[in-house]
Amino acid sequence: MTTSENAQHDCNSIRLNRFSLSFAGKPILKDISFEIKQGQTLAIIGESGSGKTSLARMLLGLIDGTRDDPALRAGKPHSGFHYSGQAWVGGLDLVQATDSQLRRFRGKRIGLIMQALSDALNPHMTVLAHVREVINVHGLTGMDARATCLEYNIPEHLHGRHPRDLSGGEIQRLLTCLALLNNPAFLILDEPTASLDPINKDRAVQFFLSGRETRCQILITHHLQLARRLADHVGTFHRGEMIEYGPPQEVLENPRQAYTKMLLQFEASLSPHRNKTSHADEARQAAACVIRNDHRKDQAGLEIANLSHAFGDTPLLSDVSAFVPTGNCLAIQGPSGCGKTTFARLLTGLEPIQSGTVTWRPARANGAGVASQAPVASLISQHPHRAMARHFSVEKVLREAIRLTSRQGRKPDSKRVPSPTEPQIRKRILSLLEQVGLPGDDDFLKRKSAALSGGEAQRLVIARALASNPHYLVADEPTSALDIATCAQILSVLRDVMRDRGVGLILFTHDRAVAQSLSHQLLVLDRGRLTTGGQGV
């Protein structure tokens with residue numbers, strides 16, 4: 001192929017040739033090679049921390065590194081990012097490109113849709129202002145911001161809101177709109193539907209399918225069904241290597257590698273009853289309903305009574321009542337923007353209650369009733385990186401939670417406990433990390449929370465929530481950032497916590513399989529009220 005032919009070829013493709021990336025001498029990506037041409041979509045699947053998001057950041061020119069030269073660094077400490085091999089996006093050599101070239105390229109030719117991070121938005125700008133800014137920057141004359149919002153399923157009542165007032169799904173829809181406005185030639189999709197309810201997820205997929213013949217797309221996802229719907233090629237990442245690559249019908253139906261086979265097995269285990277309810281599910285649902293109706297007689301647990309809440313003039317919750325027995329899980333589903341995250345914040349005291357009560361009813365003692373008390377609650381956030389101080393190490397995140405719990409001097413049984421010693425704190429930190437499947441070595445303990453992958457950060461937030469010995473956990477999309485294997489592990493951890501500690505769990509999720517796997521009762525939040533949802537919606 002001639003030089004001119006090769007340049008033209010590169011202008012319409014994303015191509016990596018034996019590309020490797022390391023940080024402080026530790027490999028992140030190892031010898032990655034592939035080519036995606038115009039009109040094609042590559043889905044990258046694999047565990048959290050396997051290098052998928054680092055690949056996305058590299059393709060956008062967001063990693064500031066230097067070419068790896070063993071001769072130059074001989075005998076010197078290896079710090080920062082280093083790379084080797086070749087990486088081309090649209091004819092731009094990412095390894096050799098200047099900062100000004102990368103800025104122009106990001107602004108004009110490549111787009112990124114990430115997982116519902118409001119950090120990617122200006123906190124001082126409204127939804128409509130964000131859209132207008134992108135229209136102006138790209139010179140999209142004749143495009144109306146309000147009409148564009150409606151086209152991307154952003155209703156008028158959201159146009160004047162700021163990012164802090166949006167749900168995860170609403171943020172996701174806005175990020176999708178902003179990324180697609182300029183019709184980029186290259187599009188990186190990093191978990192683009194994880195925060196969306198099923199209806200909005202289907203709409204988003206249609207956006208990604210529309211116009212795909214003019215784009216090169218890379219989809220980073222934990223959801224294998226999404227990869228099946230969108231991808232022309234699938235690559236499995238494991239510990240920084242792409243161990244398997246090919247068409248979806250080969251990789252996802254007849255995989256060669258044991259790791260890919262394991263992902264498919266976990267996928268099957270999480271959704272055995274998607275389209276039907278087993279007799280065991282029916283019995284569990286019936287038992288949960290009886291418990292809910294008769295809880296005032298002798299059950300301990302979380303009592304939610306006549307809870308109402310409004311956002312300005314817009315009612316979100318209207319006279320909501322429910323009961324979650326100790327050791328049980330109540331799953332709540334509903335469309336994006338229906339008030340689930342606000343409900344979660346009310347249950348954990350992060351939002352003041354406008355009307356109603358949230359109390360913990362202890363078990364009866366010697367047949368005598370015990371008055372309800374203020375509950376101890378912990379939130380498992382939907383956005384783990386935003387829920388932790390970026391400059392805190394893993395160890396400091398957990399150490400702070402343990403010490404705060406000690407100062408409060410209470411456990412779920414309300415008994416006072418002595419302050420833990422340093423060896424006890426250390427042992428507790430390692431135990432919490434082990435419970436959620438995170439390493440306990442010194443290097444990981446010293447890592448800053450900002451440097452964790454999405455899955456690692458999510459697991460750390462769960463560990464921190466358990467550190468306070470809560471009466472109940474409120475989990476707001478706790479598995480949305482997790483790969484399938486880690487998701488199964490976390491679900492097992494939450495089951496153990498309910499069974500062994502008697503902790504109640506209120507689960508907010510769009511994932512029907514996760515709700516089915518954990519819940520004793522499933523309710524739907526619709527127009528401010530809770531309605532019976534059985535085992536799925």
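## Buried residues, sheets and helix packing

At 5% relative accessibility, Glu 477 counts as buried, a term that means under 20% relative accessible area, while exposed means over 50% and partly exposed lies in between (1.4 Å probe, protein chains only). This is a predicted model, in which local features need a pLDDT of at least 70 and side-chain atom pairs count only at pLDDT 80 or more, whereas totals for chains, interfaces and linings use all residues. Residues are numbered from 1 along each chain as its sequence is written, and side-chain values use heavy atoms, with hydrogens and water left out.

Glu 477 is found in the loop between β17 (472–476) and α17, where helices (H or I, at least four residues) and strands (E, at least two) are DSSP runs numbered from the N terminus. Most residues other than glycine have a negative phi. Glu 477, however, has a positive phi of about 50 degrees although it is not a glycine, and Arg 18, likewise a residue other than glycine, has a positive phi near 50 degrees. The table sets these two residues beside Ala 515 of helix α18.

| Residue | Location | Relative accessible area |
|---|---|---|
| Arg 18 | strand β1 (residues 13–23) | 55%, exposed |
| Glu 477 | loop between β17 (472–476) and α17 | 5%, buried |
| Ala 515 | helix α18 (residues 512–518) | 0%, buried |

Leaving aside residues up to four places away in sequence, Ala 515 touches Ala 331, Gln 333, Leu 507, Thr 509 and Leu 522, contact meaning heavy atoms within 4.5 Å. Ala 515 and Leu 270 are 245 residues apart in sequence, yet their C-alpha atoms are 9.9 Å apart in space.

The largest nonpolar core has 88 residues, and those with the most contacts inside it are Val 131, Leu 433, Leu 460 and Leu 473; such a core is a set of buried Ala, Val, Leu, Ile, Met, Phe, Trp, Tyr and Cys residues joined through side-chain atoms within 4.5 Å. Apart from this core lies another, of 34 residues, among them Ile 36, Ile 44, Leu 55 and Leu 94. Beyond residues up to four places away in sequence, the residues touched by Leu 473 include Ser 378, Ile 380, Leu 466, Leu 494 and Val 497.

Helix α16 (residues 454–467) and helix α17 (residues 484–501) pack at an angle of about 5 degrees with their axes 12 Å apart, where axes are lines fitted to C-alpha atoms, for helices over the stretch in contact, and angles run from 0 to 180 degrees between N-to-C directions. The two helices α16 and α17 are therefore roughly parallel to each other, since angles under 35 degrees count as roughly parallel, over 145 as roughly antiparallel, 65 to 115 as roughly perpendicular and the rest as oblique. Arg 459, Ile 462 and Leu 466 make the contact from the side of α16, and Thr 486, Gln 489, Ile 490, Val 493, Val 497 and Arg 501 from that of α17. By class, this contact of α16 with α17 has five nonpolar, two polar and two charged residues, with Ala, Val, Leu, Ile, Met, Phe, Trp, Tyr, Cys and Pro counted as nonpolar, Asp, Glu, Lys and Arg as charged, and the others, Gly among them, as polar.

Turning to the sheets, an open sheet of six strands has the order β7-β8-β9-β3-β10-β11, with mixed pairing; two strands pair if DSSP finds at least two bridges between them. β7 (110–113) and β11 (241–246) stand at the edges, each with a single partner strand, so one side of each is left without a neighbour in the sheet. Within the sheet, β8 (residues 186–190) and β9 (residues 216–220) run parallel and are joined by five bridges, and the bridge partner of Leu 189 is Leu 219 in β9. Helix α10 (residues 258–270) packs on this sheet, touching β3 (41–46), β10 (233–238) and β11, and its direction makes about 100 degrees with that of β10.

An open sheet of three strands has the order β13-β12-β15, with antiparallel pairing. Its edges are formed by β13 and β15 (355–361), each with a single partner strand, so one side of each is left without a neighbour in the sheet. Helix α12 (residues 340–347) packs on the sheet, touching β12, β13 and β15, and its direction makes about 125 degrees with that of β12. Strand β12 (residues 301–311) and strand β13 (residues 314–325) pair in the antiparallel sense over eight bridges. These two strands form a hairpin with two residues between them, and Gly 312 in the turn has a positive phi of about 65 degrees.
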